[in-house]
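Here is a protein shown together with DNA. Let's take a walk through the contacts and the pockets.

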Amino acid sequence: MSCTDCRPLPREFYLQDTVRAARSILGKVLVHRTEDGVLSGRIVEAEAYTSNDPSCHACKGMTKRNAPMFGPPGHAYVYFTYGMYHCFNAVTAPEGVGEAVLIRAVEPLEGIDLMIRNRGTDVLTNLASGPGKLCMAFGLGREQNTLDLTGSDLMIVDDGFVPGEIVTSTRIGIRLAADYPWRFYLRGNPHVSRK
DNA sequence: ACATCGATCTACT
DNA sequence: GTAGATCGATGTA
């Protein structure tokens with residue numbers, strides 16, 4: 001399956017309620033066209049971050065870092081964290097409202113050799129099973145921040161795949177609002193960051 | 001200016 | 001299970 005067979009998710013997809021978007025983005029395919037080849041993977045885990053959510057980067061207003069979250073929906077928000085990792089989000093909600101869906105894990109599809117090189121491991125279930133790993137595998141960093149996911153070298157497309165059972169859980173790695181059930185993943189999928 | 005800490009990952013015990 | 005890596009963004013002074 002090549003990305004040219006698929007359509008990017010339309011802008012309206014990113015305008016639905018952010019928690020619903022986090023759930024319904026599961027099964028879609030993240031595609032990154034790079035100079036070294038096309039990388040793609042099926043999204044198997046995601047989390048919602050909303051404007052009134054204490055753990056959301058944007059909850060206290062716009063800053064230099066979180067500005068992309070307040071931009072138009074359907075764009076990328078890539079941020080640097082822990083001094084060495086990046087995390088990739090799809091911006092949701094109308095322009096001016098800071099919300100996004102954190103893509104936490106994908107199941108590698110195309111460009112697996114390149115992902116193996118980028119990650120320094122050949123264990124398939126360890127290539128993109130976490131937000132930092134995913135960005136390393138896909139070569140996502142500052143350059144991809146704010147890219148338009150509905151039509152650029154970085155896209156999220158629908159290839160017609162219908163997910164099976166979706167598990168709901170609390171989000172990972174946050175202190176505030178730790179009880180919000182805003183993490184979603186595909187039951188039994190070996191590429192998620194945690195069961 | 002300075003101190004704190006993070007939507008993480010790896011290696012080690 | 002726990003510690004260490006590593007640094008930019010952010011808040012406080």
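Start at Tyr82, where a backbone N or O atom lies 2.6 Å from a base oxygen of DNA strand C. Keep in mind that this is a predicted model. Two more residues reach strand C through their side chains. A polar side-chain atom of Thr63 sits 2.2 Å from a phosphate oxygen of DNA strand C, and one of Arg142 lies 3.4 Å from a phosphate oxygen of that strand.

Who else is around DNA strand C? The residues there are Thr63, Lys64, Arg65, Phe80, Tyr82, Gly83, Met84 and Arg142. Sorted by class, this surface has three nonpolar, two polar and three charged residues. As for the DNA side, 68% of the atoms of strand C within 4 Å of the protein belong to sugar or phosphate, and the rest belong to bases.

Now over to DNA strand B. There are 21 residues around this strand, and those that come nearest are His57, Tyr79, Tyr85, Asn89 and Arg119. Tyr85 uses a polar side-chain atom, which lies 3.0 Å from a sugar or linking oxygen of DNA strand B. Gly132 and Lys133 bring in the backbone instead: a backbone N or O atom of Gly132 is 2.8 Å from a phosphate oxygen of strand B, and for Lys133 the distance to a phosphate oxygen of strand B is 3.0 Å. The elements giving two or more residues to the surface near DNA strand B are S5, S6 and H3. By class, that surface has 10 nonpolar, seven polar and four charged residues. Of the strand B atoms within 4 Å of the protein, 51% belong to sugar or phosphate, with the rest in bases.

Here are the polar contacts with the DNA side by side.

| Protein atom | DNA atom | Distance |
|---|---|---|
| Tyr82, backbone N or O | strand C, base oxygen | 2.6 Å |
| Thr63, polar side-chain atom | strand C, phosphate oxygen | 2.2 Å |
| Arg142, polar side-chain atom | strand C, phosphate oxygen | 3.4 Å |
| Tyr85, polar side-chain atom | strand B, sugar or linking oxygen | 3.0 Å |
| Gly132, backbone N or O | strand B, phosphate oxygen | 2.8 Å |
| Lys133, backbone N or O | strand B, phosphate oxygen | 3.0 Å |

Next, the pockets. How much space lies in the largest pocket? It comes to about 740 Å³. The largest pocket is lined by 30 residues, and Tyr79, Thr81, Tyr82, Ile172 and Gly173 are the closest to its centre. Two or more lining residues come from each of strand S3 (37-49), strand S4 (76-81), strand S5 (85-91), strand S6 (100-110) and helix H3 (131-138). H3 gives the most, with four residues. The lining of the largest pocket divides into 17 nonpolar, seven polar and six charged residues.

The second largest pocket has a volume of about 170 Å³. Its lining is made of Lys64, Arg65, Pro68, Tyr77, Val78, Tyr79, Phe80, His86, Arg142 and Asn145. Here S4 gives the most, with four residues. By class, the lining of this second largest pocket has five nonpolar, two polar and three charged residues.

Last stop: the aromatic rings. The count of aromatic pairs comes to three. One of them is formed by Phe13 and Tyr14, an edge-to-face pair with 5.3 Å centre to centre and 75° between the planes. Are these two buried or exposed? Phe13 counts as buried because its relative accessibility is 13%, and Tyr14 is buried, with a relative accessible area of 0%.

Conventions. Residues numbered from 1 in each chain as written. Chains lettered and ligands numbered in written order. Predicted model: local features only at pLDDT ≥ 70, side-chain atom pairs only at ≥ 80, totals over all residues. Heavy atoms only, no water. 1 Å grid on protein atoms, 1.4 Å probe; cavity = no way out; pocket = protein on both sides within 12 Å on 5 of 7 lines; lining within 4 Å. Points joined across faces, edges and corners; volume = space filled by probe spheres on them. Nonpolar A, V, L, I, M, F, W, Y, C, P; charged D, E, K, R; others polar. Near = heavy atom within 4 Å. Polar contact = N/O pair within 3.5 Å; in protein donor to acceptor, adjacent residues only side chain to side chain. Phe/Tyr/Trp six-rings, centres within 6.5 Å; stacked < 30°, edge-to-face > 60°. Buried < 20%, exposed > 50% of the residue type's maximum accessible area, 1.4 Å probe, protein only.
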